[in-house]
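Reader: Please take a close look at one helix of this model and then place it in the rest of the chain. I would like residue names and packing partners rather than a general overview.

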Amino acid sequence: MTRLDWTSQPGGALHGSVRVPGDKSVSHRSLMLGALADGTSRIRGFLEGEDTRATAAVLQQLGVRIDTPADGERVVHGVGLHGLRGTTQQLDCGNAGTGMRLLAGLLAGQAFDSMLVGDESLSKRPMRRVTDPLALMGARIDTQDGLPPLVVRGGQVLHGISYTLPVASAQVKSALLLAGLYADGETEVIEPHPTRDYTERMLAAFGWPIDFAPGRAKLTGRHALHATDVDVPADFSSAAFFLVAASIVPGSELRLPAVGLNPRRTGLLHALRLMGADIRIENERESGGEPVGDLLVRHAPLHGIELPEALVPDMIDEFPVLFVAAAAAKGRTVVRGAAELRVKESDRIATMARGLRALGVAIEEAPDGATIDGGAIGGGSIDSHGDHRIAMSFAVAGLVASGMVHIGDCANVATSFPRFLELANGCGFRLA
Ligand SMILES: O=C(O)C1=C[C@@H](OP(=O)(O)O)[C@@H](O)[C@H](O)C1
Ligand SMILES: C=C(OP(=O)(O)O)C(=O)O
């Protein structure tokens, strides 16, 4: 990938309506379930990001026909639960932890061997969290000391287990449920804290019997998935950058239409409101079985908070931009219970701490969080370490910095939000 750097300059108030792209989690899952279903599923609002395109390409390598009638649309010609075809080619998940971990579960029950690989960042992310419980189900997956590539051995007989997750992770839960489709008996997953339940909701929508409630999910194997159309809501995690941006830039007012408001995703909304943000939800409705609404955010003076730990899993990808909100707020913000941030696309606690310090912000790292003293943000140079959410977060910081913020290594923004630059500049950012 060619290196891309950005400069974010302070500017004026932000205004307008920003239509953020489709939800990444829902887009990955709609491809996977569509592929394993009997019949043809149409996906609308699909995220045209590198992560989700990588998942589509993997499924195509496994013999699934996926058409693209228009930007943001996919038609998946399902091959049925046992219709995937093995390949000796490597299956490249790119930068996507979600893609690799869910596919590991899905492939564990196939008759053929597969090899899942990823980019430099994904190749450093822990995979035992999925391969260990999958092994308990009878799967055989080889790792490189717990890291990718993953070699998934086919032809294993899987059996259901009851598994309590050691860390709250929707990816691990989903991997086990997808393997459970191929297992004898019952697969049950119990979570220490409830996580996003898209896999459960979508399995039900595709006609698979599943029993789930916040914090637990249970299914039996060997039913069938029936094709269904999926309307993907706009991604709350992408909306998050604009929620913080409009909150911290005086005079701003932004509307974000049709954003997914699954309660397991909206932790940042609660955190920002605790900090004094002015965010309203309008036109709350249901779309494709998911709550969606238009978000209206206006500038408001923010103050620091002790973040309630219960919110952590509900805002797991929003911490980089929460740290920026905290840096721009009055007083101290304390985050704990978020050690998972250290095993994302980068170590997000360390990367944010280095970047904020470079901009003159007082931030102290803890193993599972940080303490941030809000106040003035200066100009300077930071490195996003190829982490899309870090790059976009510092673009937001640049709006209120006293000088220019240079952000290195931003190409990976295309994994989750390819048109970020255009949409950001369209509402008043000065990002180039
Ligand atoms: O299941 C999913 O779609 C996701 C789950 C979360 O990861 P973990 O399961 O590792 O917390 C999140 O960080 C990721 O962006 C998407
Ligand atoms: C952690 C993320 O994604 P993934 O785990 O799929 O790479 C993210 O998008 O912030």
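Author: In this predicted model, the buried residues of helix H9 are Phe 319, Pro 320, Val 321, Leu 322, Phe 323, Val 324, Ala 325, Ala 326, Ala 327 and Ala 328. Helix H9 covers residues 319-328, and because 10 of its 10 residues are buried, H9 is largely enclosed by the rest of the structure. Buried here means that 20 or more other C-beta atoms lie within 10 Å of a residue's own.

The partners come next. Four helices and two strands take up the buried residues of H9: helix H7 (236-248), helix H8 (267-274), helix H10 (348-358) and helix H11 (388-399), together with strand E18 (332-335) and strand E20 (369-373).

One of these partners, H7, leads on to a sheet. H7 lies across E15, E16 and strand E17 (290-298), and its direction makes an angle of about 165° with E15. The sheet is open and has 4 strands, ordered E2-E15-E17-E16, with mixed pairing. Its edges are strand E2 (15-17) and strand E16 (278-287), each of which pairs on one side only. On average, neighbouring strands of this sheet are turned by 15° against each other, direction ignored. At the E2 edge, E2 and strand E15 (residues 253-260) are joined by 3 bridges in the parallel sense. His 15 stands opposite Glu 253 of E15.

On the scale of domains, the assignment for the protein gives domain 1 (6-22 + 233-431) and domain 2 (24-231). Their C-alpha centres are 29 Å apart. Contact between them involves 22 residues of domain 1 and 28 residues of domain 2. The side of domain 1 that touches domain 2 consists of 7 nonpolar, 10 polar and 5 charged residues.

Ligand 1 also involves both domains: its shell draws at least three residues from each of domain 1 and domain 2. Around ligand 1 are Ser 25, Gly 97, Thr 98, Ser 169, Ala 170, Gln 171, Ser 174, Arg 196, Ile 316, Asp 317 and Glu 340. Two elements, helix H3 (97-108) and helix H5 (170-180), give two or more residues to this shell. H5 gives the most, with 3 residues. By class, the shell around ligand 1 has 2 nonpolar, 6 polar and 3 charged residues.

Technical notes. Residues numbered from 1 in each chain as written. Chains lettered and ligands numbered in written order. Predicted model: local features only at pLDDT ≥ 70, side-chain atom pairs only at ≥ 80, totals over all residues. Near = placed C-beta within 6 Å. Nonpolar A, V, L, I, M, F, W, Y, C, P; charged D, E, K, R; others polar. Domains from an automatic or database assignment. Buried ≥ 20, exposed ≤ 12 C-beta atoms within 10 Å, placed from the backbone. Contact = placed C-beta atoms within 7 Å. Pairing = 2+ DSSP bridges. Axes fitted to C-alpha atoms, helices over the stretch in contact; angles between N-to-C directions.
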